[in-house]
Amino acid sequence: MAAGGMILGVVGQAFGLIGGMKTAKAEKKAEKLREAQMNLEAQRKKRENIRSSLISKAEVTSTAVAQGAGDSSALEGGIAGITQAANRNNAAVEGDRQIGSAIFRQNAKAAKGRGIAAIGEGISSFGSLFGQSGTFGSV
């Protein structure tokens, strides 16, 4: 292989290596941002569940009081049912958030693995280029 071709091969491999590492870094950063977005959305859903349950409790209480049942056990049972539903909804949102976080962690590990693979491929390609020249000193 001519020295000029060898130099171009080395430069090409270096750019490939750098590109692979930058891609892995960008993927990891994107996963962190998506996870932050998911966490914000989970917080919003939880707040909305609480807000909705408070509205429902107020409506049930208002209706019960208007019908003269403000001190009844039925009102207490209705409010307890609304509270339980809100708690179940928030538990489901939290479960989804935890699963999502685990997925994001694994995606970040995969991005890191791709970066390491890019380094390995770059080193391997450098070795191939130098092996084709017959000697390291001929560059």
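# Two helices and their contacts

User: Ser53: buried or exposed, and at what relative accessible area?

Analyst: The model is predicted, so the value is computed from modelled atoms. Ser53 is placed in helix H1. Buried means under 20% relative accessible area. Ser53 is buried, because its relative accessible area is 9%.

User: Which residues is Ser53 in contact with, leaving aside its neighbours within four places in sequence?

Analyst: Ser53 itself belongs to helix H1. With neighbours up to four places away set aside, the residues in contact with Ser53 are Ile82 and Ala86.

User: How many helices and strands does the protein chain have?

Analyst: One helix, H1, spans residues 3–66. Helix H2 covers residues 73–133. The count for the protein chain is zero strands and two helices.

User: What share of the contacts with a separation of 6 or more joins residues 24 or more positions apart?

Analyst: One example of a pair that links distant parts of the chain is Glu27 with Arg114, in a salt bridge of 2.5 Å, N to O. Glu27 is in helix H1 and Arg114 in helix H2, 87 residues apart. Among contacts in the protein chain with a separation of 6 or more, the share from residues 24 or more positions apart is 85%.

User: Which side chain makes a polar contact with the side chain of Asn49?

Analyst: Asn49 lies in helix H1 and counts as buried, because its relative accessible area is 17%. Leaving aside neighbours within four places, Asn49 has contacts with Ala86, Asn89, Asn90 and Val93. The polar contact, at 2.9 Å, is with the side chain of Asn90.

User: Is Glu31 buried or exposed, and what is its relative accessible area?

Analyst: Glu31 sits in helix H1. Not counting residues up to four places away, Glu31 touches Phe104, Asn107 and Ala108. The cut-off for buried is under 20%. Glu31 is therefore buried, with a relative accessible area of 8%.

User: Which side chain is joined to that of Glu31 by a polar contact of 3.1 Å?

Analyst: Phe104, Asn107 and Ala108 are touched by Glu31 once residues up to four places away are left out. The 3.1 Å polar contact joins the side chain of Glu31 to that of Asn107.

User: How far apart in space are Glu31 and Ile103, C-alpha to C-alpha?

Analyst: Glu31 has its place in helix H1. In sequence, Glu31 and Ile103 are 72 residues apart. In space, the C-alpha to C-alpha distance between Glu31 and Ile103 is 9.3 Å.

User: How many salt bridges are counted?

Analyst: Side chains of opposite charge can pair when their charged atoms come close. One of the salt bridges is that between Glu27 and Arg114, at 2.5 Å from N to O. Another salt bridge joins Glu48 and Arg51, at 2.9 Å. The count of salt bridges is six.

User: What are the relative accessible areas of Glu27 and Arg114?

Analyst: The two side chains meet in a salt bridge. Glu27 counts as partly exposed because its relative accessibility is 27%. Arg114 is also partly exposed, at 42%.

User: How many residues apart are Glu48 and Arg51?

Analyst: Glu48 is partly exposed, at 41%, and Arg51 is partly exposed, at 44%. Their side chains meet in a salt bridge of 2.9 Å, N to O. Both lie in helix H1, about one turn of the helix apart, a separation in residues of three.

User: Which residues are joined into one network by salt bridges that share partners?

Analyst: Arg97 forms a salt bridge with Glu94, with the closest N and O atoms 2.8 Å apart. Arg97 and Glu94 are separated by about one helical turn, because they are three residues apart in helix H2. Arg97 counts as partly exposed, at 23% relative accessibility. Salt bridges with shared partners make one network of Lys46, Glu94 and Arg97.

User: Which residues form a nonpolar patch on the surface?

Analyst: Val11 lies in helix H1. Val11 is partly exposed, with a relative accessible area of 37%. The patch has about 300 Å² of accessible area together, and its residues are Ile7, Val11 and Phe15.

User: What part of the exposed area of the protein chain do carbon and sulfur atoms supply?

Analyst: Of the 139 residues in the protein chain, 19% are buried. The protein chain exposes about 9300 Å², and the part supplied by carbon and sulfur atoms is 60%.

Key. Residues are numbered from 1 along each chain as its sequence is written. This is a predicted model: local features need pLDDT of at least 70, side-chain atom pairs count only at pLDDT 80 or more; totals for chains, interfaces and linings use all residues. Side-chain values use heavy atoms; hydrogens and water are left out. Patches are made of residues with over 30% relative accessible area and no salt bridge: like charges are joined within 9 Å, nonpolar side chains (Val, Leu, Ile, Met, Phe, Trp, Tyr) within 5 Å. Accessible areas come from the Shrake-Rupley method with a 1.4 Å probe; for residues, only the protein chains shown count as cover. A salt bridge is a side-chain nitrogen of Lys or Arg within 4 Å of a carboxyl oxygen of Asp or Glu. Helices (H or I, at least four residues) and strands (E, at least two) are DSSP runs, numbered from the N terminus. Buried means under 20% relative accessible area, exposed over 50%, partly exposed in between (1.4 Å probe, protein chains only). A polar contact is a pair of N or O atoms within 3.5 Å; within protein, one must be able to donate a hydrogen and the other to accept it, and residues adjacent in sequence count only if both atoms are side-chain atoms. Contact means heavy atoms within 4.5 Å.
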